[in-house]
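Trainee: Could you take me slowly through how neighbouring helices pack in this model? I'd like a close look at one pair to begin with, then anything else that helps me read it.

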Amino acid sequence: MNRTKGDEEEYWNSSKFKAFTFDDEDDELSQLKESKRAVNSLRDFVDDDDDDDDLERVSWSGERVGSISWSIKETASNSGSNHEREQLKNRNSFSSYAQLPKPASTYSLSSFFRGRTRPGSFQSLSDALSDTPAKSYAPELGRPKGEYRDYSNDWSPSDTVRRLRKGKVCSLERFRSLQDKLQLLEEAVSMHDGNVITAVLIFLKRTLSKEILFRELEVRQVALRHLIHFLKEIGDQKLLLDLFRFLDRTEELALTHYREHLNIQDPEKRKEFLKTCIGLPFSAEDSAHIQDHYTLLERQIIIEANDRHLESAGQTEIFRKHPRKASILNMPLVTTLFYSCFYHYTEAEGTFSSPVNLKKTFKIPEKQYVLTALAARAKLRAWHDVDALFTTKNWLGYTKKRAPIGFHRVVEILHKNSAPVQILQEYVNLVEDVDTKLNLATKFKCHDVVIDTCRDLKDRQQLLVYRSKVDKGSAEEEKIDAILNSSQIRWKN
């Protein structure tokens with residue numbers, strides 16, 4: 001502790017003791033004043049950074065606070081405090097000190113070093129030297145007991161299900177016995193809430209063995225359906241297969257196994273997997289589809305390899321003019337047929353890529369084949385192939401056009417692929433229904449078809465209306481005028 005020279009002289013020349021005289025003040029009050037004066041003089045020399053670990057709390061009498069003797073004197077001083085205050089009030093010569101209370105023995109020495117007097121508390125030196133005011137902490141109130149019930153074992157199965165339905169957090173771990181778990185599942189099913197049922201099933205799936213879970217769900221069909229749907233959604237094929245095997249659902253077992261081919265990207269590996277699916281217990285119709293799927297992928301692999309080679313060689317005209325935009329692998333049957341009609345239409349029936357071969361192998365209906373072939377050849381503007389597609393011969397050798405899909409659809413497909421008007425008019429004329437023919441001819445501006453049809457119907461009024469729609473001075477207008485002025489036609493009234 002550093003002191004200046006002036007401070008040291010003041011300290012050593014001062015004293016709290018006086019010589020005894022008969023004029024001295026009352027002994028008790030003089031001790032009080034002298035003690036306070038001594039403490040205040042010490043306060044000026046105290047360094048705020050000194051450690052207070054070695055300081056002891058003492059009372060006015062010099063006793064260490066907390067000792068047995070201090071406790072006895074403290075009790076006595078409290079009991080006699082009222083009597084001492086009365087004596088102080090009766091001393092007129094010391095009226096200026098009448099309002100000074102006797103310091104309680106609960107003051108600590110460290111509190112006076114900071115000039116603080118807090119009755120009723122013992123303040124340490126480090127607290128006294130701190131500039132931060134003391135904080136008072138209110139006792140933490142306990143939470144309502146109901147808030148802790150979510151994490152306790154108080155909830156019954158019905159209460160737990162109701163809370164799950166409301167979206168509240170509930171622990172299911174307390175349900176340890178099989179009976180409690182099944183009761184929880186039954187409560188969830190009776191609530192008719194799919195989310196709650198699924199949540200309980202996830203808990204049972206995690207805490208029960210497969211055999212017990214499958215056995216109990218076999219007699220609970222609602223929960224069983226929810227579990228099957230859940231397993232399909234998360235893609236747990238292994239557990240789903242085990243479940244179907246346990247339930248002896250052979251067809252569903254086979255279909256579930258077949259779905260795994262979707263996860264196989266390599267064509268060769270997918271083909272081999274499909275081969276293993278052929279012997280599974282499918283229904284008769286599904287077995288035929290599985291066989292066709294395997295055969296189609298096998299054909300696609302062969303066609304893809306061959307066409308990739310032809311395209312890279314650059315010697316085939318069709319591949320030079322119309323490069324392939326995508327691979328044919330894993331494409332549907334109709335797409336494969338369109339591809340074959342586009343790139344391999346003229347190939348012999350014996351080749352795998354021939355459209356006729358595909359038609360016979362996979363038993364493609366006539367309507368589907370004609371519609372697909374028409375779209376492919378019209379896109380290439382191969383009108384000769386389109387004409388040959390609908391031309392048939394009878395046993396006498398006469399030719400006739402026939403369209404299993406209807407000529408109105410043929411006209412729409414041809415127009416979509418920008419067919420010339422002459423070709424459109426030829427097929428519009430083949431439409432049997434008159435109203436449909438007129439609508440198509442008007443829509444696609446087949447003027448000759450409209451004029452000839454109105455003439456055949458002897459509908460003068462409709463012909464006059466259509467005359468206003470053609471260009472002035474055009475050949476169509478002249479043709480209409482010639483028909484209107486003809487005396488050989490008997491017009492309808």
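**Helices side by side**

Mentor: Start with α7 and α8, which lie oblique to each other (under 35 degrees is roughly parallel, over 145 roughly antiparallel, 65 to 115 roughly perpendicular, and the rest oblique). The model is predicted, so local features need pLDDT of at least 70 and side-chain atom pairs pLDDT 80 or more, while totals for chains, interfaces and linings use all residues. Residues are numbered from 1 along each chain as its sequence is written, and side-chain values use heavy atoms, leaving out hydrogens and water.

So find α7 at residues 157-165 and α8 at residues 178-191; their axes come within 9 Å and cross at roughly 45°. Axes are lines fitted to C-alpha atoms over the stretch in contact, with angles from 0 to 180 degrees between N-to-C directions. Helices are DSSP runs (H or I, at least four residues), numbered from the N terminus. The crossing of α7 with α8 is right-handed, meaning the near helix is turned clockwise from the far one by less than a right angle (anticlockwise is left-handed).

Now look at who touches whom (heavy atoms within 4.5 Å). From α7 come Pro157, Ser158, Thr160, Val161, Arg162 and Arg165, and they meet Gln183, Leu184, Glu187, Ala188 and Met191 of α8. That contact holds five nonpolar, three polar and three charged residues (Ala, Val, Leu, Ile, Met, Phe, Trp, Tyr, Cys and Pro count as nonpolar, Asp, Glu, Lys and Arg as charged, the others, Gly among them, as polar).

Next, hop over to α11 (residues 221-234) and α12 (residues 237-247), whose axes come within 9 Å and cross at roughly 145°. Here the crossing is left-handed. Leu224, Leu227, Ile228, Leu231 and Lys232 on α11 meet Leu239, Leu240, Leu243, Phe244 and Leu247 on α12. By class, the α11 and α12 contact has nine nonpolar residues, no polar ones and one charged.

Last stop: α24 (residues 447-457) packs on α25 (residues 460-467) at about 155°, with the axes 9 Å apart. That angle makes α24 roughly antiparallel to α25, and the pair crosses in a left-handed way. On α24 the touching residues are His447, Val450, Ile451 and Cys454, and on α25 they are Gln462, Leu463 and Tyr466. Sort the α24 and α25 contact by class and you get five nonpolar, two polar and no charged.

Methods: Helices (H or I, at least four residues) and strands (E, at least two) are DSSP runs, numbered from the N terminus.
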